[in-house]
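Me: I would like a close look at a single part of this protein. Please keep it brisk, and follow the contacts outward from there.

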Amino acid sequence: MQDRLAAVRAAMQAEGIAGFLVPRNDEHLGEYVPANAERLAWLTGFTGSAGLAVVLPETAAVWSDGRYVLQLASQTDAALWERLHLTEAPPAPWIAARIGEGVLGYDPWLHSEEGLKAYREEGISLRPVARNPVDVAWRDRPAPPLAPAVPHDVAFAGAGSAEKREAIAASLRAARQDAAIITDPASIAWLLNIRGSDIPDTPVALGFGIAHADEAARFDLFMDARKLPPETRAALGNHVAIAERDAMPAALAALAGKRVRLDPAGTAAWFADRLREAGATIVAATDPCLLPKARKNETEQQGARAAHGRDAVALTRFLHALATEPPRDTEISAAARLNALRAEQAHFRGDSFAAICGAGEHGAIIHYRATPETDRPIRPNEVLLIDSGGQYDDGTTDVTRTIWIGPEAPPAEIRDHFTRVLKGHIAIATSMFPENVAGVRLDAFARAALWQAGLDYDHGTGHGVGSYLSVHEGPASISPYLRPATIAAGMILSNEPGYYRPGAYGIRIENLLLVRPADIAGEKPFLCFETLTLAPIDRALIEPGLLRADEIAWLDDYHARVHREVGPHLPSAAQAWLAASCAPLQAAA
């Protein structure tokens with residue numbers, strides 16, 4: 001790593017800059033990136049999905065959020081990198097205090113205008129680089145992915161691409177906008193009803209687009225032609241024009257005098273620079289596909305229910321084996337066993353993310369990824385946290401279960417912490433709230449029982465989930481951070497409070513929720529949640545005395561539903577185990 005850092009500094013010197021920003025994201029500014037865009041991992045060794053580094057002539061630092069604090073410390077060299085928390089020690093002030101009058105370089109393809117604002121506000125002199133110093137130094141950088149883009153059947157999508165494009169074009173006309181820049185591959189996948197495999201576990205094909213507001217609802221797709229086989233081109237139709245990436249400057253120049261919608265937080269600064277050069281008027285607004293993509297139609301909602309039902313069969317078979325067999329798995333082999341069970345289900349396409357399977361102390365690393373170097377056996381009398389999901393033609397799943405590996409009973413402290421997390425999970429699952437409420441207003445419900453014991457967790461409570469798309473989807477979330485997006489009917493959100501004792505164990509309970517209109521006669525429309533995920537919650541870890549009667553009733557009702565809907569699809573031994581696992585807690589309490 002020291003040689004790589006030295007090579008980047010040499011490239012910086014040739015570029016005439018005193019510092020350089022290295023973000024985790026790629027040109028699409030997404031969370032998940034292909035191998036050729038893993039610049040932060042190549043330079044620092046840190047493999048988390050959120051982070052940023054800065055290289056200065058004599059020092060360097062790397063940041064991440066609370067999910068990755070422990071991972072950041074374990075994967076990076078303290079002799080080379082200062083390791084910092086993104087919110088507790090933000091990058092811009094740290095850099096401003098050290099760079100002086102020097103120029104901070106950035107790759108305009110890897111930063112949004114909104115993201116660069118914090119550095120300008122600190123008085124830092126910024127300059128876009130002609131060549132990314134990391135790319136100059138990275139001699140064996142992988143080639144860009146070339147997986148084919150394939151049609152996504154309308155039987156799963158619920159609406160044809162032409163219908164979607166017409167709706168987007170109409171929304172642009174209503175807002176007096178002539179076109180919109182679309183750089184999120186998930187938006188392109190949703191809008192054009194295509195899927196791909198350019199990114200592991202996220203079924204998108206990397207490309208860029210321009211949606212036009214005309215009556216024909218034209219769409220310009222900029223994607224490597226080698227990724228578009230004849231059947232995909234035929235499915236796209238006559239109003240989708242296909243061009244190579246190097247045609248984008250001319251296409252943007254052709255928007256001179258037009259009002260062009262561009263998301264200043266989600267689009268690379270390169271696009272805004274080109275549009276201003278062309279004389280276009282930039283209208284700052286979110287990606288027009290973001291909200292309609294998040295609000296699943298009836299077909300997608302039914303698909304989500306079906307996908308979660310099949311996923312539940314695989315997960316319950318896995319939990320049964322874990323509970324009834326002597327511990328024999330390592331973290332990696334346990335995740336592989338669960339994946340193999342999912343692969344037996346209809347419409348399965350692969351994991352929705354690399355499984356987080358953390359035994360004992362590894363469970364306290366919020367987004368732990370087992371490697372051959374860190375993989376360890378699952379041992380008796382410890383906590384196992386497994387967070388995993390599947391991609392299916394009709395939906396995307398994401399579920400976390402925390403399991404006690406016996407044979408002895410879990411300690412009282414762990415039962416207490418688990419039950420407080422469960423109370424928060426139930427509080428979210430049973431919430432009713434008015435329309436146009438942001439997730440920040442719900443987040444505290446998930447933390448209240450932990451706060452009463454002086455405990456908390458350093459991550460959001462819920463994120464959006466796509467429909468055979470990204471497992472992390474905007475615009476809404478359940479989080480302590482202020483975000484303007486509100487929760488709307490048809491969205492799918494996760495419900496995943498947790499607690500993590502460093503060096504000892506981690507606890508998280510996660511189900512996915514579908515937002516639905518609430519069946520109550522109020523003064524205004526209300527929303528509620530339908531739980532999609534079906535899998536038993538480990539009763540051995542529950543301290544019944546901490547639960548109210550209504551919380552016990554929710555748990556018993558949930559387990560009765562799991563037994564009713566999942567049990568008939570299991571082998572007889574697993575059915576018997578599930579029946580015992582779903583027995584009413586009310587009776588025990």
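How many bridges join β8 to β10, and do the two strands run parallel or antiparallel?

Reply: Four bridges join β8 to β10, and the two strands run antiparallel. This is a predicted model, so all that follows describes a prediction.

Start with β10 itself. Five of its five residues are buried, so the strand is largely enclosed by the rest of the structure. Phe208, Ile210 and His212 point one way from β10. Gly209 and Ala211 point the other way. Both sets are buried.

Now its partners. On the β8 side, Ile181 has Ile210 as its bridge partner in β10. β10 also pairs with β11, residues 219-222. Again there are four bridges, and again the run is antiparallel. Here Ile210 has Asp220 of β11 as its bridge partner. Ile210 therefore links to Ile181 of β8 and to Asp220 of β11, with the general rule as background: strands of a sheet pair through backbone hydrogen bonds, either parallel or antiparallel. β10 and β11 form a hairpin with six residues between the strands. In that hairpin, Ala217 takes a positive phi near 50°.

Next comes helix α12, residues 269-278. Both β8 (179-182) and β10 (208-212) are among the elements that cover its buried residues. The cover also includes α5 (113-121), α11 (248-253), β13 (259-262) and β14 (281-284). Seven of the 10 residues of α12 are buried, so this helix is largely enclosed too. They are Ala269, Trp270, Phe271, Ala272, Arg274, Leu275 and Ala278. Gly279 follows the helix, with a positive phi near 90°.

His111 leads on from α12. This residue lies in the loop between β5 and α5. At 8% relative accessibility, His111 counts as buried. Beyond its neighbours within four places in sequence, His111 contacts Thr267, Ala268 and Ala269. Its other contacts of this kind are Leu21, Pro23, Leu29, Leu52, Tyr106 and Leu116.

Lys258 gives a contrasting case. It is found in the loop between α11 and β13. Its relative accessible area is 37%, so Lys258 is partly exposed. Leaving aside neighbours within four places in sequence, Lys258 is in contact with Asp178, Ala280 and Thr281. Lys258 and Leu126 are 132 residues apart in sequence. In space, their C-alpha atoms are 28 Å apart.

There is also a six-stranded open sheet to look at. Its order is β4-β3-β2-β1-β5-β6, and the pairing is mixed. β4 (82-85) and β6 (125-128) stand at the edges. Each has a single partner strand, so one side of each is left without a neighbour in the sheet. Neighbouring strands here are turned by 25° against each other on average, direction ignored.

Look at one edge of that sheet. β3, residues 60-64, pairs with β4 in the parallel sense over four bridges. Ser64 stands opposite His85 in β4. Helix α1, residues 2-15, lies across β1 (19-23), β2 (52-55), β3 and β6. It runs at about 65° to β2. Helix α4, residues 91-99, packs on the sheet as well. α4 touches β1, β2, β3, β4 and β5 (103-106). Its direction makes about 170° with that of β3.

Last, the helices further along the chain. Helix α18 covers residues 549-566. At 1.5 Å a residue, its 18 residues should span 26 Å. Its end C-alpha atoms are 25 Å apart, which agrees. Its buried residues include Glu551, Ile552, Trp554, Leu555 and Asp556. Tyr558, His559, Val562 and Val566 of α18 are buried as well.

Two helices pack against α18. The axes of α18 and α19 (residues 572-581) come within 9 Å and cross at roughly 165°. The two are therefore roughly antiparallel to each other. Their crossing is left-handed. On the α18 side, His559, Val562, His563 and Val566 make the contact. On the α19 side, Leu578, Ala579 and Ser581 do.

The other helix is α16, residues 412-429. Its axis and that of α18 come within 11 Å and cross at roughly 80°. α16 and α18 are therefore roughly perpendicular to each other. Leu422, Lys423, His425, Ile426 and Ala429 of α16 meet Glu551, Trp554 and Leu555 of α18.

Notes:
Residues are numbered from 1 along each chain as its sequence is written. This is a predicted model: local features need pLDDT of at least 70, side-chain atom pairs count only at pLDDT 80 or more; totals for chains, interfaces and linings use all residues. Side-chain values use heavy atoms; hydrogens and water are left out. Buried means under 20% relative accessible area, exposed over 50%, partly exposed in between (1.4 Å probe, protein chains only). Contact means heavy atoms within 4.5 Å. The expected span of a helix is 1.5 Å times one less than its number of residues. Two strands pair if DSSP finds at least two bridges between them. Axes are lines fitted to C-alpha atoms, for helices over the stretch in contact, and angles run from 0 to 180 degrees between N-to-C directions. Angles under 35 degrees count as roughly parallel, over 145 as roughly antiparallel, 65 to 115 as roughly perpendicular and the rest as oblique. A crossing is left-handed if the near helix is turned anticlockwise from the far one by less than a right angle, and right-handed if clockwise.
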